[in-house]
Amino acid sequence: MMPCGEFLGRKWNLQDVVIATVLSSMHFLCLFAPFYFTWGAFWLAFGLHMLTGLGVTLSFHRNLAHKSFRLPKWLEYLFAYIAVLSLQGVRIVSVLHGTLLVNSAGHMWGKQAYNTGDLSRNNWWLAMVALGEGWHNNHHAFDYSARQGLEWWQIDLTWYVIKILQAIGWATDVKTPTESQKQRKVFNGEMVATDAKARSN
Ligand SMILES: [Zn+2]
Ligand SMILES: [Zn+2]
């Protein structure tokens with residue numbers, strides 16, 4: 001696309017300008033939300049945030065981007081459609097902030113369980129707000145895994161939904177790392193040393 005000028009040190013094409021305009025007006029409209037606050041509206045927004053958030057994590061991210069499990073076509077389309085709904089209204093703001101948080105905070109704060117050779121981290125509070133996507137070091141270590149909260153105590157709401165779908169026979173070919181795959185990447189001095197030794201031999 002034709003660049004239409006320089007701003008903030010980068011070239012902006014028409015698409016960039018449209019996206020920036022839509023996103024900033026969405027955020028601007030959010031400023032009015034407190035004046036129209038009701039608990040009914042709050043819980044409705046919360047429910048819709050959970051639903052569209054799940055659309056993004058379960059469908060776009062784990063099902064379509066990483067193919068970590070399969071769904072029958074009708075259900076695959078239904079979940080993808082729910083994810084597309086996040087473009088409606090104020091919900092995109094909440095879902096977007098979730099996505100941005102995973103990719104920023106998920107590389108800054110938290111623990112590294114696996115030796116991924118990058119800055120990805122496991123962050124419990126991020127996992128709570130981002131429906132399980134905060135176990136980001138696990139995700140970098142096993143990006144094919146439908147489950148990101150790999151320990152029983154690592155809450156991963158998206159994974160629980162996939163488990164239910166698997167139990168009723170809708171989700172199939174559900175991929176998770178095996179115990180030995182996890183052992184090979186687990187972060188401790190000894191493992192790293194053995195790896196280095198194995199490579200030098
Ligand atoms: Zn990352
Ligand atoms: Zn990913």
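Helices here are DSSP runs of H or I at least four residues long, and strands are runs of E at least two long. With that in hand, here are some exercises on this predicted model.

**Exercise 1. Work out how helical residues 42-62 and 12-36 are, and how far apart their ends lie.**

Solution. Begin with the record: an unreviewed UniProt entry lists residues 12-36, 42-62 and 74-93 under "transmembrane region". Next, take residues 42-62: this span is 100% helix and 0% strand, and its end C-alpha atoms lie 28 Å apart. Then turn to residues 12-36, where the chain is 68% helix and 8% strand, with 35 Å between the end C-alpha atoms.

**Exercise 2. Check the length of helix 1 against its expected span, then ask how many of its residues are buried.**

Solution. Helix 1 covers residues 14-30, which is 17 residues. The expected span is 1.5 Å times one less than the number of residues, so helix 1 should span 24 Å. Its end C-alpha atoms are 25 Å apart, which agrees. For burial, a residue needs 20 or more other C-beta atoms within 10 Å of its own. The count of buried residues in helix 1 is zero, so this helix is hardly covered.

**Exercise 3. Describe the overall fold of the protein chain in order along the sequence.**

Solution. Count the elements: there are nine helices and two strands. Now put them in order, and the pattern reads β-β-α-α-α-α-α-α-α-α-α. Of the chain's 201 residues, 27% count as buried. Finally, consider contacts between residues at least 6 apart in sequence: 56% of them join residues at least 24 apart.

**Exercise 4. Find which helices build the largest nonpolar core, and which one gives the most.**

Solution. List the members first: V56, L58, F69, L71, F79, A83, V95, A146, W159, I162, L165 and A171, 12 residues in all. Helix 2 (39-65), helix 3 (73-84) and helix 7 (157-167) each supply at least two of them. Helix 7 gives the most, with three residues. Now zoom in on W159: leaving aside neighbours within four places in sequence, W159 is in contact with G132, A146, R147, Q148 and G149. A second, separate core has seven residues, including V102, L126, A127 and A130.

**Exercise 5. Decide where in the protein chain confidence is highest and where it is lowest.**

Solution. Start with the whole chain: the mean pLDDT is 86, and 88% of residues reach 70 or more. Helix 7 has the highest confidence, at a mean of 98, and helix 9 (residues 189-200) the lowest, at 46. Over residues 190-201 the pLDDT is below 50, and this stretch has two contacts in the model beyond near neighbours in sequence.

Methods. Residues numbered from 1 in each chain as written. Chains lettered and ligands numbered in written order. Predicted model: local features only at pLDDT ≥ 70, side-chain atom pairs only at ≥ 80, totals over all residues. Core = buried A, V, L, I, M, F, W, Y, C linked by C-beta atoms within 7 Å. Contact = placed C-beta atoms within 7 Å. pLDDT = per-residue confidence, 0-100. UniProt positions renumbered as here; feature names shortened; annotations may be inferred.
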